[in-house]
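User: I am new to this structure and would like to learn how to read its features one at a time. Could you take me through them?

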Amino acid sequence: MPGELKEYTLAEVAMHNGKGGTPTWIVIRDNVYDVTSYMEDHPGGSELITEWAGKDGTKDFDDFGHSSDAMRILRTLQVGVLVQCDQAKNRLASGQKSVSYAESEENLVEKKRSKRRKFILCG
């Protein structure tokens, strides 16, 4: 269906942290954005985005406040949404740690291997 957004896990987003030539993705309000092409144009500098690369930056994004122009630009960069079990309200309800930390590559590989099993457990 055209216009339907792909769903991603937090582990998948974490693999898009801008390192090693990977694109830079961030999560804002359970939406996934590819901000790679916008990094150099960000008025506050690319470092502010880099800090949240591959992570959920909602709190800092909201705390700073952004203009309607910034929100319009952000919408154009959206590539997907978080799977339901990784959305903020469900992470908090299930007692999961905030993902404002970088997961080890070993954990990411294991999560990718068990993606199907994880999806079933989340449902």
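User: Which residue in β4 does N31 stand opposite?

Analyst: In this model, which is predicted, N31 stands opposite V81 in β4. That placement belongs to the pairing of strand β3, residues 31–34, with strand β4, residues 78–82, which run in the antiparallel sense and are joined over 3 bridges.

User: In what order do the strands of the sheet lie?

Analyst: To read a sheet, one follows the pairing from one strand to the next. Here 4 strands form an open sheet in the order β1-β4-β3-β2, with mixed pairing. The edge strands are β1 (6–8) and β2 (25–28), each of which pairs on one side only, and from one strand to the next the twist averages 40°.

User: Which strands does helix α4 touch?

Analyst: Helix α4, made of residues 68–76, packs on the sheet and touches β2, β3 and β4, while its direction makes about 85° with that of β4.

User: Where is Q87, and is Q87 buried or exposed?

Analyst: Q87 has its place in the loop between β4 and α5 (88–93). A residue counts as buried when its relative accessible area is under 20%, and Q87 is therefore buried, since its value is 18%.

User: What does the side chain of Q87 reach?

Analyst: The side chain of Q87 reaches the backbone oxygen of L82 at 3.1 Å. If neighbours within four places in sequence are left aside, Q87 is in contact with D30 and L82.

How values were computed: Residues are numbered from 1 along each chain as its sequence is written. This is a predicted model: local features need pLDDT of at least 70, side-chain atom pairs count only at pLDDT 80 or more; totals for chains, interfaces and linings use all residues. Side-chain values use heavy atoms; hydrogens and water are left out. Two strands pair if DSSP finds at least two bridges between them. Helices (H or I, at least four residues) and strands (E, at least two) are DSSP runs, numbered from the N terminus. Axes are lines fitted to C-alpha atoms, for helices over the stretch in contact, and angles run from 0 to 180 degrees between N-to-C directions. Contact means heavy atoms within 4.5 Å. Buried means under 20% relative accessible area, exposed over 50%, partly exposed in between (1.4 Å probe, protein chains only). A polar contact is a pair of N or O atoms within 3.5 Å; within protein, one must be able to donate a hydrogen and the other to accept it, and residues adjacent in sequence count only if both atoms are side-chain atoms.
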